[in-house]
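Visitor: Please show me the structure, and explain on what grounds each term is applied to it.

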Amino acid sequence: MFETSIAGSLPKPEWLAETNMLWPPWKLSGADLTAAKRDATLLAIKLQEDAGIDIVTDGEQSRQHFVHGFLESVDGIDFDRRVEIGIRNNRYKALVPTVTSPLRLRGRVHPEAGLARAHTRRKLKFTLPGPMTIVDTIADTHYGDRAALAMAFAALLNQEARALEAEGVDVVQFDEPAFNVYMDAVSEWGIAALERAADGLRCKTAVHICYGYGIQANIDWKGTLGAEWRQYEETFPALARSRIDQVSLECRNSRIPMALMRLLPGKDVLVGVIDVATDRVETAEEVADTIAEALSYVPPERLFPCTNCGMAPMRREVAEAKLVALGAGAALARRRMAI
(Lines give C-alpha, C1' and ligand atoms only; values in the text may rest on other atoms or scores of the structure.)
Protein backbone atom coordinates (compact mmCIF):
# COMPACT_ATOMS: atom_id res chain seq x y z
CA MET A 1 0.00 0.00 0.00
CA PHE A 2 1.13 3.56 -0.84
CA GLU A 3 4.22 2.57 -2.82
CA THR A 4 6.25 5.74 -3.23
CA SER A 5 7.89 7.08 -6.37
CA ILE A 6 9.17 10.36 -7.78
CA ALA A 7 8.17 12.09 -10.99
CA GLY A 8 11.58 11.27 -12.43
CA SER A 9 14.44 13.73 -12.06
CA LEU A 10 16.74 14.67 -9.21
CA PRO A 11 19.34 17.46 -9.06
CA LYS A 12 22.71 16.60 -10.54
CA PRO A 13 25.81 16.66 -8.32
CA GLU A 14 27.97 19.76 -8.70
CA TRP A 15 30.85 17.65 -10.00
CA LEU A 16 28.68 16.52 -12.92
CA ALA A 17 26.86 19.64 -14.09
CA GLU A 18 26.01 23.21 -13.17
CA THR A 19 23.54 23.24 -10.29
CA ASN A 20 20.10 24.82 -9.84
CA MET A 21 19.51 24.97 -13.60
CA LEU A 22 16.91 23.46 -15.91
CA TRP A 23 19.38 22.97 -18.82
CA PRO A 24 22.68 22.52 -16.92
CA PRO A 25 25.96 22.38 -18.90
CA TRP A 26 28.11 19.34 -18.25
CA LYS A 27 31.37 19.98 -16.38
CA LEU A 28 33.20 17.06 -18.00
CA SER A 29 33.53 15.47 -21.42
CA GLY A 30 34.41 12.18 -23.08
CA ALA A 31 35.16 9.17 -20.89
CA ASP A 32 35.21 11.33 -17.76
CA LEU A 33 31.64 12.45 -18.42
CA THR A 34 30.50 8.89 -19.06
CA ALA A 35 31.99 7.74 -15.77
CA ALA A 36 30.52 10.69 -13.88
CA LYS A 37 27.04 10.01 -15.26
CA ARG A 38 27.35 6.41 -14.11
CA ASP A 39 28.41 7.47 -10.61
CA ALA A 40 25.58 10.03 -10.38
CA THR A 41 23.03 7.42 -11.45
CA LEU A 42 24.14 4.98 -8.75
CA LEU A 43 24.09 7.78 -6.18
CA ALA A 44 20.55 8.78 -7.18
CA ILE A 45 19.35 5.21 -6.73
CA LYS A 46 21.03 4.92 -3.31
CA LEU A 47 19.52 8.21 -2.11
CA GLN A 48 16.05 7.02 -3.07
CA GLU A 49 16.52 3.64 -1.43
CA ASP A 50 17.81 5.23 1.79
CA ALA A 51 14.79 7.55 1.85
CA GLY A 52 12.37 4.64 1.59
CA ILE A 53 11.28 5.21 -2.01
CA ASP A 54 9.72 2.00 -3.29
CA ILE A 55 9.79 2.56 -7.07
CA VAL A 56 13.09 4.22 -7.92
CA THR A 57 14.31 6.02 -11.04
CA ASP A 58 17.72 6.82 -12.48
CA GLY A 59 17.14 10.45 -11.47
CA GLU A 60 17.66 11.40 -15.15
CA GLN A 61 21.33 11.89 -14.29
CA SER A 62 22.55 11.10 -17.82
CA ARG A 63 20.27 13.66 -19.49
CA GLN A 64 20.84 17.40 -19.70
CA HIS A 65 17.10 17.88 -20.23
CA PHE A 66 14.22 15.41 -20.16
CA VAL A 67 13.26 16.10 -23.80
CA HIS A 68 16.62 16.79 -25.39
CA GLY A 69 18.14 13.75 -23.71
CA PHE A 70 15.97 11.75 -26.08
CA LEU A 71 16.38 13.98 -29.13
CA GLU A 72 20.17 13.62 -29.12
CA SER A 73 19.80 10.04 -30.39
CA VAL A 74 17.41 10.86 -33.23
CA ASP A 75 18.45 11.30 -36.86
CA GLY A 76 16.53 13.93 -38.77
CA ILE A 77 17.16 16.63 -36.17
CA ASP A 78 19.69 19.38 -36.82
CA PHE A 79 21.21 20.66 -33.58
CA ASP A 80 23.18 23.25 -35.54
CA ARG A 81 19.90 24.84 -36.58
CA ARG A 82 18.78 26.00 -33.16
CA VAL A 83 16.03 28.58 -32.98
CA GLU A 84 14.37 30.32 -30.08
CA ILE A 85 10.70 29.46 -29.71
CA GLY A 86 8.01 29.95 -27.09
CA ILE A 87 7.07 26.64 -25.50
CA ARG A 88 4.06 25.64 -23.37
CA ASN A 89 1.99 28.22 -25.26
CA ASN A 90 4.73 30.85 -24.96
CA ARG A 91 5.02 30.50 -21.19
CA TYR A 92 8.78 30.74 -21.63
CA LYS A 93 11.33 30.67 -24.42
CA ALA A 94 13.89 28.00 -25.22
CA LEU A 95 16.62 27.47 -27.80
CA VAL A 96 15.69 24.26 -29.60
CA PRO A 97 16.95 22.18 -32.57
CA THR A 98 15.01 21.73 -35.81
CA VAL A 99 13.46 18.68 -37.47
CA THR A 100 14.75 18.76 -41.05
CA SER A 101 14.14 15.24 -42.41
CA PRO A 102 12.38 11.94 -41.55
CA LEU A 103 13.00 10.83 -37.97
CA ARG A 104 14.92 7.66 -37.11
CA LEU A 105 16.63 6.35 -33.99
CA ARG A 106 20.37 5.78 -34.34
CA GLY A 107 20.22 3.00 -31.74
CA ARG A 108 19.53 2.71 -28.04
CA VAL A 109 18.77 6.04 -26.39
CA HIS A 110 19.06 5.23 -22.71
CA PRO A 111 21.49 2.39 -21.98
CA GLU A 112 21.78 3.80 -18.46
CA ALA A 113 18.50 2.00 -17.72
CA GLY A 114 20.41 -1.27 -17.75
CA LEU A 115 22.89 0.16 -15.27
CA ALA A 116 20.07 1.21 -12.97
CA ARG A 117 18.37 -2.18 -13.26
CA ALA A 118 21.57 -3.99 -12.36
CA HIS A 119 22.04 -1.94 -9.19
CA THR A 120 18.67 -2.05 -7.46
CA ARG A 121 16.32 -4.82 -6.42
CA ARG A 122 13.44 -2.38 -6.11
CA LYS A 123 10.92 -1.66 -8.81
CA LEU A 124 12.41 0.62 -11.45
CA LYS A 125 10.61 3.36 -13.33
CA PHE A 126 12.14 5.01 -16.37
CA THR A 127 10.84 8.25 -17.86
CA LEU A 128 10.57 9.33 -21.48
CA PRO A 129 9.19 12.59 -22.88
CA GLY A 130 5.69 12.29 -24.27
CA PRO A 131 5.07 12.90 -27.99
CA MET A 132 3.04 16.08 -27.56
CA THR A 133 5.60 17.60 -25.21
CA ILE A 134 8.43 16.78 -27.63
CA VAL A 135 6.52 18.50 -30.45
CA ASP A 136 6.12 21.55 -28.21
CA THR A 137 9.86 21.61 -27.48
CA ILE A 138 11.31 21.49 -30.98
CA ALA A 139 11.16 23.40 -34.27
CA ASP A 140 9.98 21.68 -37.46
CA THR A 141 10.64 22.37 -41.13
CA HIS A 142 9.89 18.86 -42.44
CA TYR A 143 6.56 17.40 -41.28
CA GLY A 144 4.60 20.65 -41.19
CA ASP A 145 1.88 19.15 -38.98
CA ARG A 146 2.06 18.77 -35.22
CA ALA A 147 -0.06 15.62 -35.11
CA ALA A 148 2.01 13.90 -37.81
CA LEU A 149 5.22 14.92 -36.06
CA ALA A 150 3.89 13.58 -32.75
CA MET A 151 3.07 10.21 -34.31
CA ALA A 152 6.55 10.03 -35.83
CA PHE A 153 8.09 10.64 -32.43
CA ALA A 154 5.64 8.18 -30.83
CA ALA A 155 6.98 5.40 -33.03
CA LEU A 156 10.54 6.13 -31.89
CA LEU A 157 9.47 6.36 -28.25
CA ASN A 158 7.80 2.98 -28.58
CA GLN A 159 10.99 1.49 -29.97
CA GLU A 160 12.96 2.71 -26.95
CA ALA A 161 10.19 1.81 -24.48
CA ARG A 162 10.17 -1.79 -25.70
CA ALA A 163 13.94 -1.93 -25.18
CA LEU A 164 13.52 -0.56 -21.66
CA GLU A 165 10.93 -3.22 -20.89
CA ALA A 166 13.26 -5.92 -22.21
CA GLU A 167 15.92 -4.73 -19.76
CA GLY A 168 13.58 -5.23 -16.82
CA VAL A 169 12.11 -1.77 -16.32
CA ASP A 170 8.87 -2.15 -14.34
CA VAL A 171 7.23 1.17 -15.28
CA VAL A 172 7.70 3.26 -18.41
CA GLN A 173 6.42 6.78 -17.84
CA PHE A 174 5.79 9.37 -20.53
CA ASP A 175 6.05 12.99 -19.36
CA GLU A 176 3.37 15.19 -20.88
CA PRO A 177 3.23 18.64 -19.23
CA ALA A 178 1.88 19.89 -22.58
CA PHE A 179 -1.37 18.03 -21.77
CA ASN A 180 -2.14 20.85 -19.31
CA VAL A 181 -1.71 23.50 -22.01
CA TYR A 182 -3.24 22.25 -25.27
CA MET A 183 -6.34 20.50 -23.97
CA ASP A 184 -8.19 20.39 -27.31
CA ALA A 185 -5.21 18.77 -28.98
CA VAL A 186 -5.04 16.16 -26.21
CA SER A 187 -8.37 14.72 -27.34
CA GLU A 188 -7.73 15.31 -31.05
CA TRP A 189 -4.35 13.55 -31.29
CA GLY A 190 -2.40 13.73 -28.01
CA ILE A 191 -3.78 10.57 -26.42
CA ALA A 192 -3.58 8.67 -29.71
CA ALA A 193 0.11 9.57 -29.93
CA LEU A 194 0.61 8.60 -26.27
CA GLU A 195 -1.00 5.21 -26.84
CA ARG A 196 1.15 4.69 -29.93
CA ALA A 197 4.23 5.33 -27.79
CA ALA A 198 3.03 2.70 -25.28
CA ASP A 199 1.82 0.19 -27.87
CA GLY A 200 2.54 -3.43 -27.05
CA LEU A 201 4.16 -2.81 -23.67
CA ARG A 202 3.42 -5.40 -20.98
CA CYS A 203 5.06 -3.47 -18.14
CA LYS A 204 3.14 -0.73 -16.34
CA THR A 205 2.68 2.42 -18.37
CA ALA A 206 2.26 5.88 -16.88
CA VAL A 207 1.74 9.44 -18.01
CA HIS A 208 2.94 12.36 -15.90
CA ILE A 209 0.92 15.57 -16.24
CA CYS A 210 1.77 18.51 -14.02
CA TYR A 211 2.09 22.28 -13.98
CA GLY A 212 5.83 22.25 -14.59
CA TYR A 213 9.12 22.44 -12.75
CA GLY A 214 9.43 24.86 -9.86
CA ILE A 215 10.94 27.58 -12.04
CA GLN A 216 9.77 31.19 -11.97
CA ALA A 217 8.03 31.07 -15.36
CA ASN A 218 5.80 28.25 -14.15
CA ILE A 219 5.17 29.87 -10.78
CA ASP A 220 4.12 33.07 -12.55
CA TRP A 221 1.83 31.11 -14.89
CA LYS A 222 0.11 29.38 -11.98
CA GLY A 223 -0.65 32.81 -10.58
CA THR A 224 -2.82 33.51 -13.64
CA LEU A 225 -4.97 30.37 -13.38
CA GLY A 226 -7.46 31.67 -10.85
CA ALA A 227 -8.87 30.24 -7.63
CA GLU A 228 -9.25 26.73 -9.07
CA TRP A 229 -7.04 24.92 -11.58
CA ARG A 230 -9.36 22.71 -13.62
CA GLN A 231 -7.20 21.72 -16.59
CA TYR A 232 -7.32 18.09 -15.48
CA GLU A 233 -11.10 18.13 -15.79
CA GLU A 234 -10.76 18.35 -19.57
CA THR A 235 -8.18 15.58 -20.03
CA PHE A 236 -8.81 12.99 -17.29
CA PRO A 237 -12.00 11.50 -18.81
CA ALA A 238 -10.15 10.77 -22.05
CA LEU A 239 -7.19 9.35 -20.14
CA ALA A 240 -9.55 7.16 -18.13
CA ARG A 241 -10.65 5.59 -21.42
CA SER A 242 -7.06 5.12 -22.61
CA ARG A 243 -4.85 2.05 -22.30
CA ILE A 244 -2.37 3.85 -20.01
CA ASP A 245 -2.22 2.23 -16.57
CA GLN A 246 -1.15 5.10 -14.33
CA VAL A 247 -1.61 8.88 -14.18
CA SER A 248 0.89 11.02 -12.26
CA LEU A 249 -0.51 14.40 -11.22
CA GLU A 250 0.23 17.53 -9.22
CA CYS A 251 -1.55 17.93 -5.89
CA ARG A 252 0.43 19.37 -2.98
CA ASN A 253 0.04 23.16 -2.52
CA SER A 254 -1.98 23.42 -5.72
CA ARG A 255 -5.43 24.83 -6.40
CA ILE A 256 -6.57 21.66 -8.14
CA PRO A 257 -9.84 20.33 -6.71
CA MET A 258 -8.86 16.93 -5.36
CA ALA A 259 -12.26 15.59 -6.39
CA LEU A 260 -11.01 15.61 -9.99
CA MET A 261 -9.15 12.39 -9.15
CA ARG A 262 -12.57 10.72 -9.33
CA LEU A 263 -12.34 11.17 -13.10
CA LEU A 264 -9.68 8.43 -13.24
CA PRO A 265 -11.62 5.27 -12.31
CA GLY A 266 -9.62 2.11 -12.80
CA LYS A 267 -6.29 3.93 -13.02
CA ASP A 268 -3.41 3.96 -10.56
CA VAL A 269 -3.00 7.55 -9.41
CA LEU A 270 0.45 8.90 -8.56
CA VAL A 271 -0.56 11.72 -6.23
CA GLY A 272 1.91 14.58 -5.90
CA VAL A 273 2.34 14.97 -2.15
CA ILE A 274 5.66 16.86 -2.41
CA ASP A 275 5.73 20.43 -3.74
CA VAL A 276 8.74 21.05 -6.01
CA ALA A 277 8.09 24.80 -6.31
CA THR A 278 9.25 25.61 -2.79
CA ASP A 279 12.37 24.90 -0.73
CA ARG A 280 10.25 24.31 2.34
CA VAL A 281 10.46 20.62 3.23
CA GLU A 282 7.18 18.91 4.04
CA THR A 283 6.80 17.09 7.34
CA ALA A 284 5.87 13.42 7.41
CA GLU A 285 2.54 14.45 8.95
CA GLU A 286 1.79 16.81 6.05
CA VAL A 287 2.57 14.11 3.51
CA ALA A 288 0.36 11.64 5.36
CA ASP A 289 -2.44 14.22 5.59
CA THR A 290 -2.35 14.79 1.82
CA ILE A 291 -2.52 11.03 1.28
CA ALA A 292 -5.50 10.87 3.64
CA GLU A 293 -7.31 13.58 1.67
CA ALA A 294 -6.68 11.79 -1.61
CA LEU A 295 -8.15 8.58 -0.18
CA SER A 296 -11.57 10.21 -0.42
CA TYR A 297 -11.22 9.92 -4.21
CA VAL A 298 -8.71 7.13 -4.89
CA PRO A 299 -8.81 3.56 -3.51
CA PRO A 300 -5.80 2.86 -1.27
CA GLU A 301 -4.52 0.07 -3.51
CA ARG A 302 -4.38 2.53 -6.42
CA LEU A 303 -2.76 5.46 -4.59
CA PHE A 304 0.98 5.97 -5.11
CA PRO A 305 2.51 8.96 -3.24
CA CYS A 306 4.81 10.91 -5.53
CA THR A 307 6.34 14.33 -6.17
CA ASN A 308 4.42 17.02 -8.05
CA CYS A 309 7.08 17.16 -10.77
CA GLY A 310 10.76 16.54 -11.30
CA MET A 311 13.31 18.06 -8.95
CA ALA A 312 16.11 18.67 -11.47
CA PRO A 313 16.46 22.46 -10.90
CA MET A 314 16.15 22.21 -7.10
CA ARG A 315 18.96 22.58 -4.57
CA ARG A 316 20.31 19.13 -3.93
CA GLU A 317 20.07 19.22 -0.12
CA VAL A 318 16.43 20.31 -0.37
CA ALA A 319 15.57 17.56 -2.83
CA GLU A 320 17.19 14.94 -0.63
CA ALA A 321 15.24 16.17 2.41
CA LYS A 322 12.02 16.01 0.41
CA LEU A 323 12.80 12.41 -0.57
CA VAL A 324 13.07 11.55 3.13
CA ALA A 325 9.79 13.35 3.85
CA LEU A 326 8.07 11.40 1.06
CA GLY A 327 9.23 8.06 2.40
CA ALA A 328 8.46 8.92 6.03
CA GLY A 329 5.04 10.36 5.18
CA ALA A 330 3.98 7.26 3.27
CA ALA A 331 5.16 5.06 6.15
CA LEU A 332 3.11 7.16 8.56
CA ALA A 333 0.05 6.87 6.30
CA ARG A 334 0.43 3.09 6.29
CA ARG A 335 0.58 3.02 10.09
CA ARG A 336 -2.53 5.17 10.31
CA MET A 337 -4.39 2.79 7.98
CA ALA A 338 -3.38 -0.15 10.18
CA ILE A 339 -4.83 1.37 13.37
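Guide: Let us begin with a helix and its surroundings. The cover over the buried residues of helix H9 (residues 284-294) includes strand E9 (268-274), strand E10 (303-307) and helix H10 (316-338). This is a predicted model, in which local features need pLDDT of at least 70 and side-chain atom pairs count only at pLDDT 80 or more, while totals for chains, interfaces and linings use all residues. Residues are numbered from 1 along each chain as its sequence is written, and side-chain values use heavy atoms, with hydrogens and water left out.

Visitor: What makes a run of residues a helix or a strand?

Guide: Both are DSSP runs, numbered from the N terminus: a helix (H or I) has at least four residues and a strand (E) at least two.

Visitor: Which residues of H9 are buried, and why are they said to line one face of the helix?

Guide: They are Ala-284, Val-287, Ala-288, Thr-290, Ile-291 and Ala-294. Seen down the axis of H9, these buried residues fall within an arc of 155 degrees, so they line one face. The arc is that of the directions from the helix axis to the C-beta atoms. An α-helix has 3.6 residues a turn, so residues three or four places apart point the same way.

Visitor: Why is His-208 called buried?

Guide: Buried means under 20% relative accessible area, exposed over 50%, and partly exposed in between (1.4 Å probe, protein chains only). His-208 has a relative accessible area of 3%, and therefore counts as buried. This residue is found in strand E7. Leaving aside neighbours within four places in sequence, His-208 is in contact (heavy atoms within 4.5 Å) with residues including Ala-7, Gln-173, Phe-174 and Cys-309.

Visitor: How do you know that Cys-210 and Cys-309 form no disulfide?

Guide: A disulfide is a pair of cysteine sulfur atoms within 2.5 Å. The sulfur of Cys-210 is 3.4 Å from the closest cysteine sulfur, in Cys-309, and therefore too far for a bond. For Cys-251, the closest cysteine sulfur is in Cys-306, at 11 Å, which is also too far for a bond. A search of the whole structure finds zero disulfides. Cys-210 is buried, with a relative accessible area of 2%, and Cys-251 counts as buried at 8%.

Visitor: What makes E4 and E6 paired strands?

Guide: Two strands pair if DSSP finds at least two bridges between them. Five bridges join strand E4 (residues 123-129) to E6, so the two are paired, and they run parallel. Pro-129 has Asp-175 as its bridge partner in E6. Strand E6 (residues 171-175) also pairs with strand E7 (residues 204-209) in the parallel sense over five bridges, with Gln-173 opposite Ala-206. From E6 the chain crosses through helix H6 (residues 183-197) to E7, and this β-α-β crossover is right-handed: with the strands pointing away from the viewer, the path from the first strand over the helix to the second runs clockwise.

Visitor: How many of the residues of E6 are buried, and which way do they point?

Guide: Five of its five residues are buried. Val-171, Gln-173 and Asp-175 point one way, and Val-172 and Phe-174 the other way.

Visitor: Why are E2 and E5 placed at the edges of their sheet?

Guide: Three strands form an open sheet in the order E2-E3-E5, with mixed pairing. Strand E2 (74-87) and strand E5 (139-140) each have a single partner strand, so one side of each is left without a neighbour in the sheet.
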